[in-house]
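User: I am new to this structure and would like to know the grounds for the terms used about it. Please take them term by term.

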Amino acid sequence: MSWENLIYIADFLWVNGQRAVSLIGGEPTLHPQCVDFILYLLDRGFYVTLFSNGLLRSTILDEFDRYLMNTLPDHFNIVCNLNDPIQTPQKASEETQLRDYLSLMGPWTTPGFNIYRPDFTLDFLFDLIQVYGMKRHLRLGVAHPIPGRKTSFMQPQDMRHIVERLFTYRQLFETYRIRLGFDCGFTMCSFSDQELGWLRRYSGGENFNCRPAMDISPDMSLYHCFPLSSYRRRSLFEFDSLAEINTHFARMRGEIQSEIAGVFQECDGCRHRQDDVCSGGGLCHAVLRFIDEAPIRIREIENEISAARMSI
Amino acid sequence: MKFPRLVCQYRSNSFEKLQGHSIVLRVERTADIGQGIERVRKSGNSLFCVIVDLGKPLAEIELDTNLSKIPLAVMAPSVGRYSDLSRRIGELRKFNLRVYLRCGNPEHISAIRILSSLGIATCVDFTDGAVCWDGLIDLSTYALLERAPHAPIDPFCFIADNFRPVKSLEWGRTVFDDPNSFLHLDENGRVALSERCLVAGEFVADSIQEITSIDDFHPIREKGHAWRTYFRDCHECAFCPGWRICLGKFSSGTSAQGKCSSFFGELMDLIAQFQNSNQLANESSLWQL
């Protein structure tokens, strides 16, 4: 990402009234000007969120220490995806890196956890949040498919099991006063009314919609979100406003969901999907099904999928 | 015509022998700024602005907060690392300053855009002749057509505001390089038409008293009419579409491969767009009235 492109994006967002920006990567801290970019966006008046794995080189950590300690945690937030040290063991050196990072940047860090297996555990997170003084808000996501690539991901039929397992930690969330926030991909019908009531009462952040993240790559390509990063990419320069981008993605979602309403058969005709309360799971699941299901009726999608098939 | 402002070095005492002039004070040490302003005021002259030329990156320049109301022209060889500059952005915004950066280096072009986007006025300094033309096209587009709020980038904004198709515009004044607006004095009070002439020792008068009227002073009048020689000599610049803005400023050959020509051609288009959009904005407000 060049300075010119960063300024273009900042200006584009600013004139469209958008005041929050996320730096996602890959791993954005590997960019040689990562700290410069963060400070610039903060100086422009944006709320900045950085997504990181927390494995920062000592030189970068020194820069964080030198330049970012005076930033307000309300203005600068780091979402750090953490892994269970037992289920996903790390090298000793990585553990040290992570602890060094959390020791320094704990108060700026929102813990994140990506569910990629049904037997996930969250116990370790409560300890880490306490010890390192992280923000008391857990960002929970599920592993999504990436159409066109062979990756492991959570199947829709596992969703109810995931929710049940998640609610075994209910008492710990309450005790430690940790709020829960969902990344996209969760379906409303996977939760009982009682569970939905608890979420409303203790978290207030239930989210069952799959909205475009509007990811922009260094070459200024624009795509719906990371799982759909190779699907119907456009250039940011083709759009004059965020409203145009929203219209573009809404049209794309409409085209896809007219073919496949959601991750479950029941999504077709579901009143919560029609009322836009729930998107019927991630759009990436629907696009993935296009790859396996033929014939494809929409030419535009078919062309994209043909391209994707080539890379499978 | 108004008498030009006089650009004087702090270390010389040339302005202390003058009365009633508008002085541009050039300083090379931060400690001299306050004292220099005081000396200009006591000398019976008025201060137009201070040129701060410390030879340090902008990120390393410390300015006294008492100077916040003084117009400052900060000549910086570079901006320095953004992380270091960031700590000072809030403070810099409080000053009445304009940052001058040379445009031979693409990093400087980026730095100008960064500063402008942060609300700090900047100016592209063409005086050393090296120019990164490709970057300048983007920068001038940003300066004139970007919708997001940003500080002016001169000379583009100056040119766009003042350019009229039927009249020549001398925009060298944005970098103190126009004898109708600025004359440069050395420590002995000798007068040069530009800083380049001052450094080269090319003086047009031994003292400012020799110049009673700008209109009657031959070297200044001559310089103002220098553009005529391009037509007399059938110079290729005289046939260039960008001539009406450039007026042959880059004819010395350093701007090879006609890049200056395409840049000024593009700038003409940008100015037309800029002026059209301003005109439309004014028309609509008149209609609403």
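User: Why is Cys197(B) called buried?

Analyst: In this predicted model, Cys197(B) has a relative accessibility of 15%. Buried means under 20%, so Cys197(B) counts as buried.

User: What makes Cys197(B) too far from the closest cysteine sulfur for a bond?

Analyst: The closest cysteine sulfur is in Cys8(B), 16 Å from that of Cys197(B). A disulfide needs the two sulfur atoms within 2.5 Å, so this pair is too far apart for a bond.

User: How many disulfides are there over all chains?

Analyst: The count is zero. Cys225(A) is also in no disulfide, its nearest cysteine sulfur being that of Cys210(A), 5.7 Å away. The cut-off is 2.5 Å. Cys225(A) counts as buried, with 10% relative accessibility.

User: Is Leu42(A) buried or exposed, and where is Leu42(A) found?

Analyst: Leu42(A) is found in helix H2 of chain A. Its relative accessible area is 17%, and the limit for buried is under 20%, so Leu42(A) is buried. Leaving aside neighbours within four places in sequence, Leu42(A) is in contact with Val48(A), Thr71(A), His75(A) and Phe76(A). The C-alpha atom of Asp123(A), 81 residues apart from Leu42(A) along the chain, is separated from that of Leu42(A) by 34 Å.

User: Why is the pair Arg117(A) and Asp119(A) called a salt bridge?

Analyst: Their closest N and O atoms are 2.8 Å apart. The rule asks for a side-chain nitrogen of Lys or Arg within 4 Å of a carboxyl oxygen of Asp or Glu, so the pair qualifies as a salt bridge. Arg117(A) is partly exposed at 25%, and Asp119(A) is partly exposed at 35%.

User: What makes Arg234(A) and Glu238(A) a salt bridge?

Analyst: The closest N and O atoms of Arg234(A) and Glu238(A) are 2.6 Å apart, and the limit is within 4 Å. Arg234(A) has 31% relative accessibility and Glu238(A) has 43%. Partly exposed lies between 20% and 50%, so Arg234(A) counts as partly exposed, and so does Glu238(A).

User: How do you know that Asp178(B) forms a salt bridge with Arg173(B)?

Analyst: The closest N and O atoms of Asp178(B) and Arg173(B) are 3.7 Å apart, and the cut-off is within 4 Å. Asp178(B) is buried, with a relative accessible area of 2%, whereas Arg173(B) counts as partly exposed at 36%. Over all chains the count comes to 26 salt bridges.

User: How many salt bridges are there between chain A and chain B?

Analyst: The count between chain A and chain B is three. One of the salt bridges joins the side chains of Arg81(B) and Glu63(A), at 3.0 Å from N to O. Arg81(B) and Glu63(A) are also linked with Asp36(A) in a network of salt bridges.

User: What is the area buried between chain A and chain B?

Analyst: The buried area is about 1700 Å², with carbon and sulfur atoms giving 50%. Glu4(A), Asp43(A) and Tyr67(A) supply 31% of the area that chain A buries against chain B, more than any other three residues. The contact takes 16 residues from chain A and 18 residues from chain B.

Methods. Residues are numbered from 1 along each chain as its sequence is written. Chains are lettered from A and ligands numbered from 1 in the order in which they are written. This is a predicted model: local features need pLDDT of at least 70, side-chain atom pairs count only at pLDDT 80 or more; totals for chains, interfaces and linings use all residues. Side-chain values use heavy atoms; hydrogens and water are left out. Contact means heavy atoms within 4.5 Å. Buried area is the accessible area (1.4 Å probe) that two parts lose on being put together, summed over both. Buried means under 20% relative accessible area, exposed over 50%, partly exposed in between (1.4 Å probe, protein chains only). Helices (H or I, at least four residues) and strands (E, at least two) are DSSP runs, numbered from the N terminus.
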